[in-house]
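Student: Could you take me through one part of this model up close? I'd like a buried spot first, and then whatever else is worth a look.

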Amino acid sequence: MEQRGARLDCTLQELTISSTADSAAVPGSSATLELKDRRLVCVEYPGVVRNEDVMLQTLGGEQTLSSMFSNPNRRLELRFRPKDPFCHPLCGNRFPSSNLLLKVRRRVRKNDPKNVKIHMDFLGVIGTTYKFQGMADFQCLAVHSENGKETSLYDKIVLRKSENKEFFEQPYPSFLPPATFSRLDSPVDYYYRPDVIIKQVMPNSKSVIGLNRARRPHNAIFVTFNETSIPSQCLEAAKKNWIRISLKEGDRLAEENLRQMFESRPIWSRNAVKANINIHPEKLKLLLPVVAYYMVTGPWRSLWVRLGYDPRKTTQSKMYQMLDFRIRCSTKHGYSLSDLPVKPKRSALNYNLSITFNKTAPPPASLTELPAQTPPSTSEAVTYQLKDSSYIFQENMLPPHRQMFYQLCDLHVDSVRELINRNDGSESVCDERDGWCVIGTTDLLREIISNMVKKVIRANRPSVPEPPQKHRRKRQSCRQEDEEEDDDYEDEDDDEDDDEFHPSEGSENEMETEMLDYMTEEQTSVADESFSADLS
């Protein structure tokens, strides 16, 4: 007892290394280690580990740890209640490290406590470390409270074995917790201060949530289908903005070309304009409001109309109506989502979930892979023009994007034009959905183009099977089933392909986000309502 309570004065007398056991021991306080080529992963566990098996269960097991490590964008999940399916995890971030893992053994002689020997083994290099630096999400237990009593619902809502039909028909209290409560796992100081910049710029705004920065005014005029009057001149602020930035000769030439385009054709889509004029996209945003106004709803929605021209009063504007076409993708159409050669704009892997993180830091520079520095060529002019496939559809071609905004005059298909012109000379009423065409023409046009797209996909991919046809026996009663089309509508970005068959690389389709560049919050809500009404 006296020896345990006394303070020991230990000094390092000798240091030996297991990797060099054959050589003589090196006396002193330093040693040379031979590094082994063994890479390790460190997990800084936020707790006291008394049982390694239980600790591994909270991390999901060895197989889950291996899959997490193989995906560098995944965060390590720790669940303190691994058997509870409603337990929200504590996420650990992944960091590169260059630490060493050493195993040090200290031996003390019983007779002489001051005689201490230290034996050190080198186990490997820690190249990756997981650190739990945030807080766990809010937890929600599957408990039903009634009359001051709490009843567990785990045995009633968690399936532990296969159950019969009566099990699912029993009345149970609804328990539908969200997948996550908090989007952030780190505390943020929020002092409930008003946004001074937004308050100065937009004093009469009805928006409850402030913006990060003030909306850039582009001074575009927006017209809905039900408005009685149309603008004949642009806003004075739009003229000033364009005069301020049109400093080069090419800008004034682009303005002249754009005015000639709207004189020959009064209605254009922005992709069609970008395919016929070589101008910077940011300058085009300021030039279009000078010569045209923007239709928000109706058969000419998302199109630019020449100032002073009302397409609702002349039947000649039928050819300039807009067709919102989206590639149908499901097994009933003969091909699945993986067989579709057109890439989607959005992917589930791109969303910043609480269990993932995006690496925004640039890769480290490498002296061995420096690109060859070539002087800029003055002969090669920068072009911003799109290809014709961005707004024109022809036979035996695949649309470059899963969603396309075509004008009827840009559909170069004989059967399509016959369908559009079947009521020439007898147009009487301009419908908000089908315009000057016969009611239901929009659906028929989408059906024709969809069949043509299916033929192109099957011709370029012979392995794609034909859609199965149901054969019914004569003795069985005929049943008519109304099935809604399960179309995978996904927007695409910019232009990539022309008539040849190539998958799209998913650049920027500005037609779908065009209104967000110009419209205010109130006009955006009106447009969203019109979009949902048109697609329903």
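**A close look at Ser 317**

Tutor: Ser 317 has 0% relative accessibility, so it counts as buried, the cut-off being under 20%. Keep in mind that this is a predicted model. As for where it sits, Ser 317 belongs to the loop that links β12 (304-306) with β13 (322-326). Leaving aside residues up to four places away in sequence, Ser 317 touches Ile 267, Trp 300, Tyr 309, Pro 311 and Trp 436.

Now pull back to the whole chain for a moment. The protein has 536 residues, and 36% of them count as buried; Ser 317 is one of the buried residues. There are 14 helices and 16 strands. Among contacts with a separation of 6 or more, 67% come from residues 24 or more positions apart. The accessible surface is about 35600 Å², with 50% of that belonging to carbon and sulfur atoms.

For a helix pair, try α7 (residues 236-245) and α10 (residues 281-291): their axes come within 9 Å and cross at roughly 140°. That angle falls short of the over-145 range for roughly antiparallel, so α7 and α10 are oblique to each other. The crossing of α7 past α10 is left-handed. On the α7 side the contact is made by Ala 238, Trp 242 and Ile 245, and on the α10 side by Lys 283, Leu 286, Leu 287, Pro 289 and Val 290. Sorted by class, that contact between α7 and α10 has seven nonpolar residues, one charged and no polar.

Key. Residues are numbered from 1 along each chain as its sequence is written. This is a predicted model: local features need pLDDT of at least 70, side-chain atom pairs count only at pLDDT 80 or more; totals for chains, interfaces and linings use all residues. Side-chain values use heavy atoms; hydrogens and water are left out. Axes are lines fitted to C-alpha atoms, for helices over the stretch in contact, and angles run from 0 to 180 degrees between N-to-C directions. Helices (H or I, at least four residues) and strands (E, at least two) are DSSP runs, numbered from the N terminus. Angles under 35 degrees count as roughly parallel, over 145 as roughly antiparallel, 65 to 115 as roughly perpendicular and the rest as oblique. A crossing is left-handed if the near helix is turned anticlockwise from the far one by less than a right angle, and right-handed if clockwise. Contact means heavy atoms within 4.5 Å. Ala, Val, Leu, Ile, Met, Phe, Trp, Tyr, Cys and Pro count as nonpolar, Asp, Glu, Lys and Arg as charged, and the others, Gly among them, as polar. Buried means under 20% relative accessible area, exposed over 50%, partly exposed in between (1.4 Å probe, protein chains only). Accessible areas come from the Shrake-Rupley method with a 1.4 Å probe; for residues, only the protein chains shown count as cover.
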